Amino acid sequence: MAVSFVIPAYFTAIFIISRLMSFIGISKPRINISPELLTLNIAGKLSVDPSAIESASQDFGHIVKAIPGAVLYPSTPEDIATLIKFSYNNSVPFRIAAKGHGHSVRGQAMANNGVVVDMTSMNKHRNGTRIQISSDGLYADVGGEQLWIDVLNTTLEHGLAPLSWTDYLYLTVGGTLSNAGISGQTFRYGPQISNVKEMDVITGKADFLTCSPKKNSELFYAVLGGLGQFGIITRARLPLEPAPKGVKWVRMLYNDFSAFTRDQELLISINGRKEKKALDYLEGSLLMDQGSPDNWRSSFFPHADHPKIISLITKHRIIYCLEVVKHYDDQTKYTVDKELLQLLKGLSYMPGFMFEKDVLYAEFLNRVRSGELKLKSQGLWDVPHPWLNLFIPKSQIADFNDGVFKGIVLERNMTTGPVLVYPMNRKKWDDRMSAVIPDEEIFYTVGFLLSSGFDDQKAFDDQNKEIMQFCYMAGIGVKQYLPHYTTKEQWIHHFGSKWKTFQQRKDQFDPKMLLSPGQRIFNNN
């Protein structure tokens with residue numbers, strides 16, 4: 001039966017009426033007052049409650065705000081398929097965005113005048129049963145709405161764990177797989193999108209498909225790193241390995257960028273998945289004149305050493321910190337120190353500035369959580385986060401250091417948050433996937449994970465623009481990670497040789513452009 005009203009306008013009208021009635025103390029109407037919506041079994045799961053609308057209209061970035069017409073709280077993946085099918089068959093389709101933990105920073109998981117799907121609602125209805133370990137322990141079937149911290153805790157109960165992580169674990173599986181999912185393990189084990197065996201995906205045509213490298217492979221490769229453009233991930237099959245018991249965690253300080261990058265590149269050259277001598281994690285960061293040498297991501301350096309580290313930063317203005325980890329279990333705990341010492345032998349860090357910790361595996365992986373809780377207690381978490389994440393070719397990272405780290409960043413002196421810089425191996429990525437990286441075999445990720453006040457966020461955006469302009473003028477082949485662009489031309493440039501395939505996949509799996517409008521790739525609102 002044809003739908004006789006315009007859905008976006010309908011949702012907007014209900015939303016306005018709901019807010020008005022709430023203001024004057026009248027009970028809010030249910031969204032399923034429409035005969036058309038009454039035909040759907042999800043009618044009671046659609047909300048226009050002002051608090052639901054407000055929550056769905058913002059994200060971790062606190063920069064963009066887009067007000068949806070309604071929010072869907074699904075109990076099952078079938079609820080999501082029903083919503084998409086209803087929109088797809090409507091003469092005036094409405095747009096739909098899947099929202100996990102809301103950790104995007106530029107409105108990527110929003111749907112202005114559309115419907116936001118609260119993915120975490122499925123977990124509340126299933127009592128955590130959407131993380132299932134296979135009987136042979138080789139993989140876990142995980143709901144797309146599940147947080148990585150819950151994947152970690154559940155798999156550890158079986159002595160198992162995935163190999164590839166993000167630094168922050170309170171993100172959904174579907175969210176990170178829609179981008180890439182990177183951290184210090186990426187140089188060896190690849191991004192999270194390289195660690196998926198199979199997925200269940202609901203496309204923009206409401207097709208509910210299982211996909212893998214051998215089944216519906218075009219959809220499989222499209223969705224991984226696809227920025228939510230081709231389908232909503234409702235299940236991912238993640239390979240598991242025996243979990244280590246603990247980690248040796250080391251940080252070394254450098255005042256010379258070339259020595260810092262040379263040592264990083266040497267260490268990531270040992271990267272075989274089964275290579276016992278390889279490191280399990282490698283990242284780098286900048287220490288600058290911002291008070292304590294620790295930041296919100298973790299407290300690492302012994303307090304007694306803070307004065308000499310601060311003195312070093314004061315002298316050199318920028319100190320480069322190389323951070324590495326080697327896992328151990330009951331069998332290797334007596335040999336790990338010797339193996340690590342051999343790996344780090346001959347590195348060019350500053351004498352007397354090597355620091356080590358021995359912590360449980362789960363404690364290391366969840367290292368950012370304590371910093372988050374501290375910032376929340378101080379009211380400094382729910383503030384603007386004008387983040388900028390980049391991939392830089394190895395051949396141009398020295399130019400980037402000279403022009404950006406030692407130029408723009410020091411000059412502007414806006415260092416309210418971590419600045420990361422560490423290398424990855426291209427061979428650990430699969431070029432059939434939608435994710436975009438530089439062409440060189442080694443490239444660096446650079447993350448400006450800064451926070452601002454609500455009154456000075458523009459200054460941070462100006463710095464981001466200046467950094468991008470510098471890269472353009474210097475001919476640096478930069479690619480944004482967690483990209484944010486405002487024009488189609490910029491997106492075409494971003495995807496480069498992948499654009500044609502990306503567009504063809506959109507036509508195939510979401511021809512009416514319903515999904516993930518907040519990315520602003522195929523629409524500009």
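## A first look at two sheets, a pocket and a cavity

Let's start with one pair of residues: Glu198 sits opposite Arg237, a residue of strand 10. Keep in mind that this is a predicted model.

That pair belongs to a wider arrangement. Strand 8 and strand 10 run antiparallel and are joined by six bridges. They are part of an open sheet of five strands, ordered 5-6-10-8-9, with antiparallel pairing. Strand 5 (131–133) and strand 9 (208–211) are its edge strands, and each of them pairs on one side only. On average, neighbouring strands in this sheet are turned by 15° against each other, direction ignored.

Moving to the other side of strand 10, we meet strand 6, which pairs with strand 10 in the antiparallel sense over five bridges. Here Tyr139 has Pro239 of strand 10 as its bridge partner. Strand 6 (residues 139–143) is also joined to strand 5 by three bridges, again antiparallel, and Ile133 stands opposite Ala140 of strand 6.

Is strand 10 largely enclosed or not, and why? Eight of its nine residues are buried, so strand 10 is largely enclosed by the rest of the structure. Helix 4 (residues 77–88) lies across strand 10 (231–239), along with strand 8 (198–203) and strand 9, and runs at about 35° to strand 8.

Just past strand 9, have a look at Ser212, which is found in the loop leading from strand 9 to helix 9 (217–223). Is Ser212 buried or exposed? Its relative accessibility is 11%, and buried means under 20%, so Ser212 counts as buried. Leaving aside neighbours within four places in sequence, Ser212 is in contact with Lys197, Glu198, Ser217 and Phe220. Glu198 is the residue we began with, opposite Arg237.

There is also an open sheet of four strands, with the order 1-2-4-3 and mixed pairing. Strand 1 (46–47) and strand 3 (96–99) are at the edges with a single partner strand each, so one side of each has no neighbour in the sheet. Inside the order, strand 2 (residues 70–72) and strand 4 (residues 115–118) pair in the parallel sense over three bridges. One of the matched pairs there is Ala70 with Val115 of strand 4.

Here are the strand pairs mentioned so far, side by side.

| Strand pair | Sense | Bridges |
|---|---|---|
| Strand 5 and strand 6 | antiparallel | three bridges |
| Strand 6 and strand 10 | antiparallel | five bridges |
| Strand 8 and strand 10 | antiparallel | six bridges |
| Strand 2 and strand 4 | parallel | three bridges |

Now for the empty spaces. The second largest pocket has a volume of about 650 Å³. Its lining is made of 22 residues, and Arg188, Tyr189, Pro242, Asp280 and Asp329 lie nearest its centre. Helix 8 (186–189), strand 11 (241–242) and strand 14 (318–328) are the elements that give two or more residues to this lining. Which element gives the most? That is strand 14, with three residues. By class, the pocket lining has 10 nonpolar, two polar and 10 charged residues.

As for cavities, a search of the whole structure finds four of 30 Å³ or more. The second largest cavity has a volume of about 100 Å³. It is lined by 14 residues, with Asn179, Leu227, Ala435, Val436 and Pro483 nearest its centre. Strand 19 (479–481) and helix 17 (488–495) are the elements giving two or more residues to that lining. The cavity lining divides into 10 nonpolar residues, four polar and no charged.

Key:
Residues are numbered from 1 along each chain as its sequence is written. This is a predicted model: local features need pLDDT of at least 70, side-chain atom pairs count only at pLDDT 80 or more; totals for chains, interfaces and linings use all residues. Side-chain values use heavy atoms; hydrogens and water are left out. Two strands pair if DSSP finds at least two bridges between them. Axes are lines fitted to C-alpha atoms, for helices over the stretch in contact, and angles run from 0 to 180 degrees between N-to-C directions. Contact means heavy atoms within 4.5 Å. On a 1 Å grid over the protein atoms alone, a cavity is a set of points where a 1.4 Å probe fits but cannot get out, and a pocket is an open set with protein on both sides within 12 Å along at least five of seven lines; lining residues have an atom within 4 Å of a point. Grid points are joined across faces, edges and corners, and a volume is the space filled by probe spheres set on the points. Ala, Val, Leu, Ile, Met, Phe, Trp, Tyr, Cys and Pro count as nonpolar, Asp, Glu, Lys and Arg as charged, and the others, Gly among them, as polar. Buried means under 20% relative accessible area, exposed over 50%, partly exposed in between (1.4 Å probe, protein chains only).
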